[in-house]
Amino acid sequence: MKSAAYWKEKLILNPHPEGGYFKETYRAQEVFHKEHLPQRFSGDRVHSTGIYYLLSDQDVSKFHRIKSDEMWHFYDGVGVTIYEIDVNGNFKAHKLGLNIDDGELPQVLIKGGNWFGAKVSKPDSYCLCGCTVSPGFHFEDFEMADRENLMQMFPEHRNIIEELT
């Protein structure tokens, strides 16, 4: 197993606003035009985008949401737990990784519009994964969570909200 520093250097990863490090690896050339997309999108969007994403035990992916579905893929390191709160307040902790016997899966889907954040499962470790978004990611569709607002909406999830905001 490599190190987080190795992957940051070799893949030329940059800090992500939500936490962790990333690099866009794919942006489709074909476009969905606004009139063919749900109303939540303010303009045209490419069909799909992909990134490398790296979290170490020093980082968390802070609660945020996007308007598209996002598929996470495991590549290297240890598992990561992705915490999701849907629009109805239902909570789920997804385990991304290859330890199937411990409940991990190599892919996890987060539905568009749901709040989510993540952290690695073990201290002194990292997770290298990838994320595919469709319709493609656009920063206009990205919203960081405000701690107080999220706790007002979902007070039953206070502990994880405090940890990931």
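This report walks through the sheet, the largest pocket, the aromatic contacts and some backbone details of a predicted model.

**The sheet**

Let us start with the strands. Six of them make up an open sheet, in the order β1-β2-β5-β12-β7-β10, and the pairing is antiparallel. At the two edges sit β1, residues 14–15, and β10, residues 107–110, each of which pairs on one side only. As general background, the strands of a sheet pair through backbone hydrogen bonds, either parallel or antiparallel.

The β1 edge can be followed down to single residues. Strand β2 covers residues 21–27, runs antiparallel to β1 and is joined to β1 by two bridges. If you would like a spot to click on, try Asn14, whose bridge partner in β2 is Phe22.

**The largest pocket**

Phe22 turns up again in the largest pocket, where this residue is among those closest to the centre, together with His16, Ile51, Val133 and Phe137. The lining has 17 residues, and the volume of the pocket is about 220 Å³. By class, 10 of the lining residues are nonpolar, three are polar and four are charged.

Which strands each supply at least two residues of this lining? They are β2, β5 (49–56), β6 (61–66), β7 (69–77) and β12 (126–134). Of these, β2, β5, β12 and β7 also appear in the order of the six-stranded open sheet.

**Aromatic contacts**

Across the whole structure, a search finds eight aromatic pairs. One of them joins Phe137 and Phe139, with ring centres 4.8 Å apart and planes at 85°, an edge-to-face arrangement. Phe137 also pairs with Phe142: here the centres are 6.2 Å apart and the planes stand at 70°, so this pair is edge-to-face too. The cut-off behind that label is an angle over 60 degrees between the planes.

How do these three rings fare for exposure? Phe137 has a relative accessibility of 17% and therefore counts as buried, since the limit for buried is under 20%. Phe142 is likewise buried, at 16%, whereas Phe139 is partly exposed at 46%. Phe137 thus links two topics of this report, because this buried residue is also among the lining residues closest to the centre of the largest pocket.

Elsewhere, Tyr53, Trp72 and Phe116 come together in one aromatic cluster. There is also a charge over a ring to look at: Lys2 lies over the face of Tyr6, 5.0 Å from the ring centre.

**Backbone details**

Most residues other than glycine have a negative phi, and most peptide bonds are trans. Against that background, the table collects two residues with a positive phi that are not glycine, along with their places and relative accessible areas.

| Residue | Phi | Loop | Relative accessible area |
|---|---|---|---|
| Ile12 | near 55° | between α1 (4–10) and β1 | 53%, exposed |
| Asp124 | about 55° | between β11 (115–120) and β12 | 74%, exposed |

Both residues count as exposed because their values, 53% for Ile12 and 74% for Asp124, are over the 50% limit.

The peptide bonds offer a detail as well. From Ser134 to Pro135 the bond is cis, with omega near -15°. Pro135 has its place in the loop between β12 and β13, the latter being residues 142–144. Phe142, the buried partner of Phe137 met above, falls within that β13 range.

Terms used: Residues numbered from 1 in each chain as written. Predicted model: local features only at pLDDT ≥ 70, side-chain atom pairs only at ≥ 80, totals over all residues. Heavy atoms only, no water. Phe/Tyr/Trp six-rings, centres within 6.5 Å; stacked < 30°, edge-to-face > 60°. Buried < 20%, exposed > 50% of the residue type's maximum accessible area, 1.4 Å probe, protein only. Lys NZ or Arg CZ within 6 Å of the ring centre and 35° of its normal. Pairing = 2+ DSSP bridges. Helix = DSSP H or I, 4+ residues; strand = E, 2+ residues; numbered from the N terminus. 1 Å grid on protein atoms, 1.4 Å probe; cavity = no way out; pocket = protein on both sides within 12 Å on 5 of 7 lines; lining within 4 Å. Points joined across faces, edges and corners; volume = space filled by probe spheres on them. Nonpolar A, V, L, I, M, F, W, Y, C, P; charged D, E, K, R; others polar.
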